[in-house]
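I opened my notebook to work through one structure slowly, writing down each thing I looked up.

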Amino acid sequence: MVKIVFTLITLGVGLFIGSSIAASASSVESVENILLTTDPAKQAKIESLIDHMKAVTQDELAHGTTEELRGETVFSGESSEKMKALQDSTLDQINDLAARPVQDRQKAVNTIKAFATVADGNESVTVDHYETFGVNPYDNDRPVEFYIIGPMHYVVDVATNNVVQFGPRALKDGESPQQFNELSVLNHEELRDRAQALVSELSTTPLSTLTLKTTVKEGATTKRYFFRWEDNNQTLESGVHPFVQIGLSPAGDVVSYTNILGL
Amino acid sequence: MKLLKMTLIALILGIFVGLTVGDVSAWFTGSCKTDNPLCWYWERVADGGGGWSRTPQNLQPPWGWHVLSGEGWCGNIDSTCFPNQMTWKVNEQNLECCASGVYATWDHAGNTEAEHVDVFAFIPDVKATTSNAHYAVSFNGSLTHTYVSQISYSDEWVFLSSGYHAQYTDLSHITGENPHTTHVGFDEVQNNYYSWTPQH
């Protein structure tokens, strides 16, 4: 009996050690804070909006209709529509309040226009709107902003105003995707040359110091060619090697672009 | 001697099980500075790990679930996380194939209504070729549906949506494309959380 109890305790200790190793292996060591507005009036307004949403949520939970889904209590029917509308409205208002001043965001818009001019020769691109703020998923110390142009989005680094990502955005119900030239008029070598020329113009880091990796994805009706230059001598805290990558259609249209070399 | 052997076996077994089913959902938390109203932390939930599930659990290849080792965020990018794999499945056009639904779920329990959340999905460089991956994120009790062109990205994070009080993210195998013509990649989901008052 004593042996069994001792073995079970040891098993528990082993479980604890194993879980701790698994948890710590995925952690990052430091936490930083970012600050997007220091205006007390704006901060008070933001807190007021959130308090209002929390109060309405509690009221709707008490008097509206709900169901259990994926182990969570969620709203159903009219309650769902009402709460979705409230959240969207709250998001929009807080995004406006927390945004950088217009003159600062104009710098981001200018780099987006310069990017679009290089990527597809479109010198008269119009940024539909500033969507939201956030931090770079590759480096949580770097605030970013999201801008929308039709079905595409641009992610801009707040510190440098450089475009860190461009590509098809997550579409909502009923929205149509961007159309690209899908004619296979360029061979793989020509696509690589086009990618290299574009990236050399869009990025300041010499590509000769980086390692090229090529990926081809084939979908139902088309292919996408990815050319990724990685700095294998560095690894970010998130575990990724800094890279610049461009995705092209078979005709050489720029479908997507990510540049985290500067992080 | 026998007791020592049993102890060692139990310890090794315990560590192995702990590593396998332990906290594979990575959390990045910390305290906020009191003079800073905007604080943040992130959470990553890996396919195949804690906080992730697939429905139905058993759906055999060729049209069912596939697991590919050495690919996806943990398999191909971040060697410190676990499990080092991605999950994928061939697409279906509509619900005719399987009315009860086939999807994967990333659970985001733990945050509150006061926290702004940005949700990102990692798109692997293989087996993620659909032009219309249907993600549904439950924010504060309401679903936000978005459709992502996985073929447009390769080993990259892509922003899905923002909201408050993220509860879970679903990804369906239904893409609207001709059946069995593309692949849907089910890999890591990352949430970045912000709060306007110090909480963590």
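These entries go from the sheet in chain A to the salt bridges and then to chain B.

**Entry 1: the sheet in chain A**

I noted before anything else that this is a predicted model. I then looked for the sheet in chain A and found an open one of eight strands in the order 3-4-5-6-10-9-8-7, with antiparallel pairing. Which strands stand at the edges? I found strand 3 (129-136) and strand 7 (211-218) of chain A there, each with a single partner strand, so one side of each has no neighbour in the sheet. I also looked up the turn between neighbouring strands of this sheet, which is 20 degrees on average when direction is ignored.

**Entry 2: strands 3, 4 and 5 of chain A**

I followed strand 3 of chain A into strand 4 of chain A, and wrote down that the two form a hairpin with two residues between them. Seven bridges join these antiparallel strands, and I looked up one pairing, in which A:Thr132 has A:Phe146 in strand 4 of chain A as its bridge partner.

I went on to strand 4 and strand 5 of chain A, which run antiparallel and are joined by six bridges. They too form a hairpin with two residues between them, and A:Gly150 in the turn has a positive phi of about 55 degrees. Across this hairpin I found A:Ile148 opposite A:His153, which belongs to strand 5 of chain A.

Is strand 4 of chain A enclosed by the rest of the structure or left open? I found that 10 of its 11 residues are buried, so strand 4 of chain A is largely enclosed by the rest of the structure.

**Entry 3: strands 6 and 10, and the helices on the sheet**

I looked next at strand 6 of chain A and strand 10 (residues 254-259) of chain A, which run antiparallel and are joined by two bridges. For A:Gln165 I noted A:Thr258 in strand 10 of chain A as the bridge partner.

I then asked which strands helix 5 of chain A touches. I found that this helix packs on the sheet and touches strand 7, strand 8, strand 9 (243-248) and strand 10 of chain A, while its direction makes about 50 degrees with that of strand 8 of chain A. Helix 4 (residues 102-120) of chain A lies across strand 3, strand 4 (139-149), strand 5 (152-157), strand 6 and strand 10 of chain A, and runs at about 70 degrees to strand 4 of chain A.

**Entry 4: salt bridges**

I turned to charged side chains, and reminded myself that side chains of opposite charge can pair when their charged atoms come close. The structure holds 13 salt bridges over all chains, and I looked up several of them.

In one, the side chains of B:Asp170 and A:Arg70 meet, at 2.4 Å from N to O. I placed B:Asp170 in strand 11 (residues 166-172) of chain B and A:Arg70 in the loop between strand 1 (66-69) and strand 2 (72-75) of chain A, so this pair joins two chains. B:Asp170 is buried, with a relative accessible area of 9%, whereas A:Arg70 counts as partly exposed at 32%.

In another, A:Glu182 and A:Arg224 meet at 2.8 Å, N to O. This pair links distant parts of the chain, 42 residues apart, with A:Glu182 in the loop between strand 6 (163-168) and helix 5 (188-202) of chain A and A:Arg224 in strand 8 (residues 223-230) of chain A. A:Glu182 counts as partly exposed at 30% relative accessibility, but A:Arg224 is buried at 6%.

I also looked up the salt bridge of A:Arg192 with A:Glu189, whose closest N and O atoms are 4.0 Å apart. The two residues are three apart in helix 5 of chain A and are therefore separated by about one helical turn. A:Glu189, A:Arg192 and A:Asp193 are joined into one network by salt bridges that share partners.

**Entry 5: chain B**

I counted up chain B last, and its secondary structure comes to two helices and 13 strands. Of its 200 residues, 62% are buried. Chain B exposes about 7,000 Å², of which carbon and sulfur atoms supply 59%.

I picked B:Thr146, in strand 9 (residues 142-148) of chain B, and found it buried, with a relative accessible area of 2%. Leaving aside neighbours within four places in sequence, B:Thr146 is in contact with residues including A:Ala170, A:Leu171, B:Tyr135 and B:Leu160.

Definitions and conventions:
Residues numbered from 1 in each chain as written. Chains lettered and ligands numbered in written order. Predicted model: local features only at pLDDT ≥ 70, side-chain atom pairs only at ≥ 80, totals over all residues. Heavy atoms only, no water. Helix = DSSP H or I, 4+ residues; strand = E, 2+ residues; numbered from the N terminus. Buried < 20%, exposed > 50% of the residue type's maximum accessible area, 1.4 Å probe, protein only. Areas by Shrake-Rupley, 256 points an atom, 1.4 Å probe, with all protein chains shown as cover. Pairing = 2+ DSSP bridges. Axes fitted to C-alpha atoms, helices over the stretch in contact; angles between N-to-C directions. Contact = heavy atoms within 4.5 Å.
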